Amino acid sequence: MIRGLSRDVDARTAPFAWEPDEQGRPVLVGARVTQCALSRICGACAASLGRPVAFVGDADEVARNAFHAPPLHDECARGLAADSPELQVVLTAGFEFVRPVAGADDRRPTFQPNSLL
């Protein structure tokens, strides 16, 4: 179990940066998303990231090159996307963590890959 987390982490069924909502659907936890960015840990398994770094997102996130889900290992990303046909996996060597600006419609930070593989 990870310190400060009251449950075991499983990269596919109980990923680190997500918690179930009232209906049991996984929802990103903002503090954990930020922790993944600043500590360079995987949003699914919470282990240190290497390269390549993977992101999962829908077609709109891929087109914008701006993802809400935290960085992941390639294997973890593919595991998360396996059960969701709308999710795509993008690989990169690096990324920028972009916090929203005042007045932005979407107040969530984004991850912007800077060199796609």
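**Entry 1. Burial and overall layout**

I looked up burial first: of the 117 residues of the protein, 38% count as buried. I note here that the model is a predicted one. I then looked up the exposed surface, which comes to about 6,800 Å². Carbon and sulfur atoms supply 50% of that surface.

I listed the secondary structure next and found three helices and six strands. Along the sequence their order reads β-β-α-β-α-α-β-β-β. I also checked how contacts are spread over the sequence. Among contacts with a separation of 6 or more, 53% are between residues 24 or more positions apart.

**Entry 2. The nonpolar cores**

I asked which residues touch the most other members of the largest nonpolar core. They are Cys42, Ala44, Val56 and Leu72, in a core of 18 residues. Two elements give two or more residues to this core, namely strand 3 (53-57) and helix 3 (74-81). Helix 3 gives the most, with four residues.

I followed Leu72 further. Leaving aside residues up to four places away in sequence, I found that Leu72 touches Cys42, Gly43, Ala44, Leu49, Pro52, Val53, Ala54, Val56, Ala77 and Leu80. Apart from this core lies another, of nine residues, which include Ala37, Phe55, Phe67 and Val90.

**Entry 3. Strand 3**

I examined strand 3 residue by residue. Five of its five residues are buried, so strand 3 is largely enclosed by the rest of the structure. I recorded the direction of each residue as well. Val53, Phe55 and Gly57 point one way, while Ala54 and Val56 point the other way, and all are buried.

I then asked in which sense strand 3 and strand 4 pair. The pairing of strand 3 with strand 4 (residues 88-92) is antiparallel and runs over five bridges. Within this pair, I found Val53 opposite Thr92 of strand 4.

**Entry 4. Helix 3**

I looked up the buried residues of helix 3, which are Cys76, Ala77, Gly79, Leu80 and Ala81. These buried residues pack against strand 1, strand 3 and strand 4.

**Entry 5. The cysteines**

I asked how many disulfides the structure holds. The count is zero. A disulfide is a covalent bond between the sulfur atoms of two cysteines. For the count, the two sulfur atoms must lie within 2.5 Å.

I checked two cysteines against this cut-off. The closest cysteine sulfur to that of Cys36 belongs to Cys42 and is 7.2 Å away, too far for a bond. The closest cysteine sulfur to that of Cys42 belongs to Cys76 and is 3.8 Å away, again too far for a bond. I noted the burial of both: Cys36 has 0% relative accessibility and counts as buried, and Cys42 is buried with a relative accessible area of 0%.

**Entry 6. His68**

I located His68 in the loop between helix 2 (59-64) and helix 3. Is His68 buried or exposed? His68 has a relative accessible area of 9%; the cut-off for buried is under 20%, so His68 is buried.

I then looked up the polar contacts of the His68 side chain. One is with the side chain of Glu61, at 2.9 Å. Another is with the side chain of Arg108, at 3.3 Å. Not counting residues up to four places away in sequence, His68 touches Leu28, Val33, Glu61, Asp106, Arg108, Pro109, Thr110 and Phe111.

**Entry 7. The loop between helix 1 and strand 3**

I looked up backbone features in the loop between helix 1 (30-39) and strand 3, where Pro52 is found. The peptide bond joining Arg51 and Pro52 is cis, with omega about 0°.

Arg40 also has its place in this loop. Its phi is near 55°, a positive value in a residue other than glycine. At 33% relative accessibility, Arg40 counts as partly exposed. Ala46 is found in the loop as well. I recorded a positive phi of about 70° for Ala46, which is not a glycine either.

**Entry 8. Thr13**

I ended with Thr13, which is found in the segment before strand 1 (18-20). Thr13 is exposed, with a relative accessible area of 68%. I also looked up its distance to Pro26. The two residues are 13 residues apart in sequence, and their C-alpha atoms are 9.4 Å apart in space.

How values were computed. Residues numbered from 1 in each chain as written. Predicted model: local features only at pLDDT ≥ 70, side-chain atom pairs only at ≥ 80, totals over all residues. Heavy atoms only, no water. Core = buried A, V, L, I, M, F, W, Y, C linked by side-chain atoms within 4.5 Å. Buried < 20%, exposed > 50% of the residue type's maximum accessible area, 1.4 Å probe, protein only. Contact = heavy atoms within 4.5 Å. Pairing = 2+ DSSP bridges. Areas by Shrake-Rupley, 256 points an atom, 1.4 Å probe, with all protein chains shown as cover. Polar contact = N/O pair within 3.5 Å; in protein donor to acceptor, adjacent residues only side chain to side chain.
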